[in-house]
Amino acid sequence: MSSLPGRRTRHSPPETSGLSSEAREELRRRLQGLIEDNRVMIFSKSYCPHSKRVKELFSSLGVEYNILELDQVDDGANVQEVLSEITNQRTVPNIFVNKVHMGGCDRTFKAHQSGLLQKLLQKESTYDYDLIVIGGGSGGLACAQEAAILGKKVMVLDFVVPTPQGTSWGLGGTCVNVGCIPKKLMHQAALLGQALRDSRKFGWEYNQQVKHNWEIMTEAIQNHIGSLNWSYGLSLKEKSVTYVNSYGEFVEHHKIKATNRKGQETYYTAAKFVIATGARPRYLEIQGDKEYCITSDDLFSLPYCPGKTLVVGASYVALECAGFLAGVGLDVTVMVRSILLRGFDQEMAEKVGSYMEQHGVKFLRKFVPVMVQKLEKGSPGKLKVVAKSTQEPETIEGVYNTVLLAIGRESSTRKIGLEKIGVKISEKSGKIPVNDIEQTNVPYVYAVGDVLDGKLELTPVAIQAGKLLARRLFGGRSEKCNYINVPTTVFTPLEYGCCGLSEEKAIEIYKKENLEVYHTLFWPLEWTIAGRENNTCYAKIICNKVDNNRVIGLHILGPNAGEVTQGFAAAMKCGITKQLLDDTIGIHPTCGEVFTTLEITKASGLDITQKGC
């Protein structure tokens with residue numbers, strides 16, 4: 001459908017002003033066809049001066065282009081509406097070059113000045129791949145496989161730079177190798193230890209001393225992870241996705257250098273790229289941190305028991321690791337600079353910390369390490385940690401076998417050549433700003449997962465975003481990833497699950513006088529016979545009084561909090577209200593039923609302690 005410069009494409013859509021879903025999809029397919037079939041496709045309006053400038057630019061370059069003048073077709077308004085769904089742009093001109101959305105007039109001229117436009121004008125067939133995904137984690141693999149299912153030629157580049165301790169791993173990213181999966185399994189190991197203690201009260205008799213074997217646990221976990229690595233590789237092969245175990249780095253527009261472990265370099269080109277490189281743990285940048293400390297990247301495959309451990313940080317990673325290490329019988333101290341679980345509901349965070357403290361985890365509050373020294377070699381050895389107060393001119397020292405740093409993560413974006421193609425990143429965090437279709441400021445480059453600025457760093461979020469991105473790019477779909485009301489759980493010894501807003505955030509957005517908080521303590525039935533603490537588990541919902549008491553925040557601290565939260569998250573997606581919760585009949589006896597019987601508000605000041613099941 002190419003045409004001479006200035007030639008207008010006539011469009012014959014349905015004459016109805018309001019589109020049915022079927023008509024909308026048909027229009028979408030027609031527009032996608034125009035985009036796919038034309039080297040340059042301009043959606044314009046005949047009287048628009050910006051559109052005129054763009055047409056003159058392409059004419060001056062001797063480039064053929066097709067035009068659809070929205071003011072000269074029967075349903076230009078509908079075309080513009082569907083275009084906005086595809087591109088997230090409501091204005092004209094709306095320009096595509098070799099299927100890549102350029103944007104409007106300003107972006108097109110900037111691309112021309114930088115040389116990007118000339119690069120995009122190359123024929124699509126000159127590229128080696130339709131899509132190259134940099135990063136073989138959850139989001140990257142989801143996007144790559146979905147694109148391959150849609151018939152595209154896809155490559156995945158994945159390379160794990162070893163930690164300062166020499167740890168590396170296989171395909172699958174953080175979650176599978178050094179995150180969610182091994183974390184949950186070690187959390188389960190700790191829960192089994194608690195279950196053994198509880199079992200005596202339920203009639204189980206055993207005389208032998210029960211102890212935990214770190215090596216057996218880690219070997220079993222690493223074997224499971226190995227099977228997952230293999231299955232991911234097999235899945236890519238079955239879908240004809242090319243997998244290259246090399247480090248990817250942009251060298252120019254549409255071109256990437258892949259360097260393998262031997263230092264051998266290979267170059268590849270693609271029409272589109274997705275950055276899914278994730279993040280790695282930060283270090284303190286103090287004496288001895290990289291030489292002697294470990295991070296979560298090292299912990300889950302550590303070949304020896306870590307022994308007496310200092311965990312530095314108050315993130316969910318810090319508290320989860322401290323929790324299961326203490327749960328398998330180790331002496332654990334957590335050093336906290338300021339607050340626990342920054343970004344989470346602070347009432348819940350303090351309850352998490354209080355429970356851990358009651359169960360043997362020590363907390364050093366308002367301290368930061370300034371030096372780590374090795375006292376003895378060994379597996380583990382002995383380390384001296386010097387720390388200073390964040391409030392007073394006070395310095396303390398402690399001796400530990402292992403120091404685990406969990407002070408946050410740094411996006412893996414600074415050494416992949418983004419500056420060579422003009423992709424903007426946050427100077428402070430390294431994260432990549434994108435629009436609501438995960439597109440960077442460079443039109444053919446997209447990003448998903450933990451590298452995104454201002455988005456949730458969660459595996460299921462990355463998977464969802466990756467799949468939907470591939471469907472929009474190659475399947476003619478329009479659905480965007482919804483980052484609102486995403487549930488999550490902190491797998492501390494007493495699990496904390498939440499969905500929606502923290503109480504602090506809700507007050508900030510809606511004001512305290514417009515909120516009603518319902519809450520209660522509860523006693524899981526399983527804890528009663530075991531003689532475990534009553535009035536420790538806690539649940540609350542935050543309701544917006546001016547919106548029919550809609551639930552805008554849900555929080556639970558108790559056993560299996562993740563399982564409970566997942567179900568209520570679906571209800572929150574549907575806009576559940578307090579009345580609908582009240583109308584729901586609970587399953588008895590469960591922890592989840594507590595949300596169906598909430599009566600006491602915080603504002604009332606009434607006692608929420610429980611005396612029965």
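# Exercises on turns, sheets and spans

P380 sits in the loop between β16 (367-376) and β17 (382-389). Helices (H or I, at least four residues) and strands (E, at least two) are DSSP runs, numbered from the N terminus. The model is predicted, so local features need pLDDT of at least 70 and side-chain atom pairs 80 or more, while totals use all residues. Residues are numbered from 1 along each chain, and side-chain values use heavy atoms, without hydrogens or water.

**Exercise 1. Which residue is joined to P380 by a cis peptide bond, and what is omega there?**

Step 1. Start at P380, in the loop between β16 and β17, and look at the bond that leads into P380 from S379.
Step 2. Read the angle: omega is near 5°, and the bond from S379 to P380 is cis.
Step 3. Now move to P589, which belongs to the segment after α19 (578-583). H588 and P589 are also joined by a cis peptide bond, with omega about -5°.
Step 4. For context, most peptide bonds are trans.

**Exercise 2. Where is N88, and is its phi positive or negative?**

Step 1. Find the loop between α3 (76-87) and β3; N88 is there.
Step 2. Check the backbone angle: phi of N88 is near 65°, which is a positive value in a residue other than glycine.
Step 3. As a background note, most residues other than glycine have a negative phi.

**Exercise 3. Work out the strand order and the edges of the open sheet of four strands.**

Step 1. Two strands pair if DSSP finds at least two bridges between them.
Step 2. Followed across, the order is β2-β1-β3-β4, and the pairing is mixed.
Step 3. Look for strands that pair on one side only: these edge strands are β2 (66-69) and β4 (100-103).
Step 4. Inside the sheet, β1 (residues 40-44) and β3 (residues 94-97) run antiparallel, joined by four bridges. To locate this pairing on your screen, pick V40, which stands opposite V97 in β3.
Step 5. In general, strands of a sheet pair through backbone hydrogen bonds, either parallel or antiparallel.

**Exercise 4. Do the same for the open sheet of five strands: what is its order, and is the pairing parallel or antiparallel?**

Step 1. The order is β22-β23-β26-β25-β24, with antiparallel pairing.
Step 2. The ends of this sheet are β22 (488-490) and β24 (515-522), each of which pairs on one side only.
Step 3. Zoom in on β23 (residues 496-500) and β26 (residues 550-557): five bridges join these antiparallel strands.
Step 4. Choose C499 as a landmark; its bridge partner in β26 is L554.

**Exercise 5. Which spans does UniProt annotate as domains, and how much helix and strand do they hold?**

Step 1. An unreviewed UniProt entry lists residues 129-466 as "domain: FAD/NAD(P)-binding". UniProt positions follow the numbering used here, feature names are shortened, and annotations may be inferred rather than shown by experiment.
Step 2. Over residues 129-466, the chain is 32% helix and 26% strand, with the end C-alpha atoms 18 Å apart.
Step 3. Residues 486-597 carry the annotation "domain: Pyridine nucleotide-disulphide oxidoreductase dimerisation", again from an unreviewed entry.
Step 4. This span, 486-597, is 29% helix and 29% strand, and its end C-alpha atoms lie 24 Å apart.

**Exercise 6. How many aromatic pairs are there, and why is the pair F300 and F324 called tilted?**

Step 1. Apply the rule: rings of Phe, Tyr and Trp (its six-membered ring) pair if their centres lie within 6.5 Å; planes under 30 degrees apart count as stacked, over 60 as edge-to-face and the rest as tilted.
Step 2. The count comes to ten aromatic pairs.
Step 3. For F300 and F324, the ring centres are 6.1 Å apart and the planes are at 45°, so the pair is tilted.
Step 4. Place both residues: F300 is in the loop between α11 (296-299) and β13 (309-312), and F324 is in helix α12 (residues 316-327). The pair links distant parts of the chain, 24 residues apart.
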